[in-house]
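Morning, everyone. I have a few slides on one structure, and I'll keep it brisk. Please look at the picture while I talk.

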Amino acid sequence: MTGKSLALYVHWPFCVSKCPYCDFNSHVRSNIDQHAWREALLADLAYEARLLPGRALTSIFFGGGTPSLMDPATVEAIIDAAHQHWVAEDRIEITLEANPNSVEAARFADLATAGVNRVSLGLQSFDDSSLAFLGRAHSAREGFASLATAQKHFRRVSFDLIYALPGDTEDNWSMTLAQALSLGVDHLSLYQLTIEPGTRFASMVARHEFEPLDADAAAGLFELTDAMTSEAGMPAYEISNHARRGQESRHNLTYWRYGDYAGIGPGAHGRRLGQRTVRHKKPENFMSALSRNGHGIAEEAPLSPVEAADEALVMGLRLREGVDIHAIAERFGLSRVVDWERVARLVGSGHVTREGALIALTARGRLLLDYILGEIAAVEEPRTLAVG
Ligand code: SF4
């Protein structure tokens, strides 16, 4: 019999260049010692495995950075080691994020042989001028060619698009989305462009070099996305993720359903045994921590029941299936998780649905996730009686 389930996240921190909107932990380096990185990731993995014996491994996700730049032999070594450390479920999902260019597409056959069975391609746009604006190194043509190669080698292929760029309209986005829906994939990640602090785009906006699309227009595009993807049988199962039934990312569902996951590699976050873990972000710091301590952890802290319940609520509300408030309260031993009067008001205004203790956001509500969380979250520990 296998134990509690576990997902594994592996972060590869390197990219060929830095995209101007990117706030991920990605670094550009001229020389990468693939052998040293393979050994480091394997050691970091072994450290987590020692703390998590007997788990049933449901998914592995290689994210980045650009993990399609990893040596396929490194990917294979990590997959093999994970199978040795844990019992893998029969339907284990092994995803790798890839950039759509010919160099990386040429590795797809080897990555499939290494055990990867799902690819998530960063197409981002079908339009060359939008790709140039986003600082992407590939053209639309290369994107389509990589998608075709990916579909040849992997049973499950997803791709990302970024919309709500300056100047985007319902007309041009509906044409792009219709094309996306015709390309034969069962999963799409559709992100609105957001200007994150510390990125090159944030400086450009501060210097008035461009204006982000206004919030009302972006909301209109979000609603259009919801309608078109639902109509096509690929509704949102999470704020930005759309899939045919059964094709949802099992790995990401583990995050949103608040399951345990081990996170290895620079900057990776993990959650295991009631603890939050964060690895060193800078590749060089990660490497020196690893040789010093045998793992790359920069911070490790227990999550209090209140913190854990708050996170579980934040994660669960991203999902269309919603979140069971009583289950959260019971799991973390809390007397209260939400303010039910406020939930009732949001049900009345059409932003939230409620069936017993299960609450979920409507399409209108999903546009206002942060506001709604601020309104309803009311996590409280049971009062303890003073003695004496
Ligand atoms: S390829 Fe991805 S991770 Fe790398 S810089 Fe661009 S957006 Fe960031």
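I'll go through some helices, a loop residue, a hairpin, a sheet and two cysteines. One caution before that: this is a predicted model.

Start with helix α1. It has 18 residues. From first C-alpha to last, α1 reaches 26 Å, close to the 26 Å expected at 1.5 Å a residue. Look at the N-terminal end of α1, where D33 acts as the cap. A side-chain oxygen of D33 lies 3.1 Å from the backbone nitrogen of H35. Many names come up when we ask what is buried in α1. They include Q34, W37, R38, L41, D44 and E48. Keep Q34 and L41 in mind.

Next, helix α2, residues 72-85. This one has 14 residues. Its reach is 20 Å between the end C-alphas, close to the 20 Å expected. Which residues of α2 are buried? They are P72, T74, V75, I78, I79, A81 and A82. And what covers them? The cover includes two helices we can point to, α1 (34-51) and α4 (108-114). Strands β1 (5-12), β2 (56-64) and β3 (87-98) are also part of that cover.

Now the loop between β2 and α2. M70 sits there. Is M70 buried or exposed? M70 counts as buried, because its relative accessibility is 0%. Leave aside its neighbours within four places in sequence, and M70 is in contact with W12, Q34, L41, F62, V75, I78 and R107. We have met some of these names already: Q34 and L41 are buried in α1, and V75 and I78 are buried in α2. M70 and Q34 are 36 residues apart along the chain. Their C-alpha atoms are separated by 7.5 Å.

On to a hairpin. Strand β10 covers residues 269-272, and strand β11 covers residues 275-279. The two run antiparallel, joined by 4 bridges. Across the pair, R271 stands opposite R276. There are 2 residues between the strands. One detail here: L273 takes a positive phi, near 50 degrees.

Now helix α13, residues 325-332. I325, I328, A329 and F332 are buried. Why do we say they line one face of the helix? Seen down the axis of α13, the buried residues fall within an arc of 95 degrees, so they share one face. The general background is simple. An α-helix has 3.6 residues a turn, so residues three or four places apart point the same way. As for what covers the buried residues of α13, the list includes α12 (305-316), α14 (340-348), β13 (323-324), β14 (336-338) and β16 (358-361).

Look at both ends of α13. At the N-terminal end, D324 is the cap, with a side-chain oxygen 3.0 Å from the backbone nitrogen of H326. After the helix comes G333, with a positive phi near 65 degrees.

D324 leads us to a sheet. In β16, its bridge partner is L358. β13 and β16 pair over 2 bridges, in the antiparallel sense. The sheet is open, has 3 strands, and runs in the order β13-β16-β15. Its edge strands are β13 and β15 (352-355), each pairing on one side only.

Last, the cysteines. C15 counts as buried because its relative accessibility is 15%. C22 counts as buried too, at 11%. How many disulfides are there? The count is 0.

That's my tour. Over to you.

Key
Residues are numbered from 1 along each chain as its sequence is written. This is a predicted model: local features need pLDDT of at least 70, side-chain atom pairs count only at pLDDT 80 or more; totals for chains, interfaces and linings use all residues. Side-chain values use heavy atoms; hydrogens and water are left out. A disulfide is a pair of cysteine sulfur atoms within 2.5 Å. Buried means under 20% relative accessible area, exposed over 50%, partly exposed in between (1.4 Å probe, protein chains only). Two strands pair if DSSP finds at least two bridges between them. The expected span of a helix is 1.5 Å times one less than its number of residues. Contact means heavy atoms within 4.5 Å. The arc is that of the directions from the helix axis to the C-beta atoms. A polar contact is a pair of N or O atoms within 3.5 Å; within protein, one must be able to donate a hydrogen and the other to accept it, and residues adjacent in sequence count only if both atoms are side-chain atoms.
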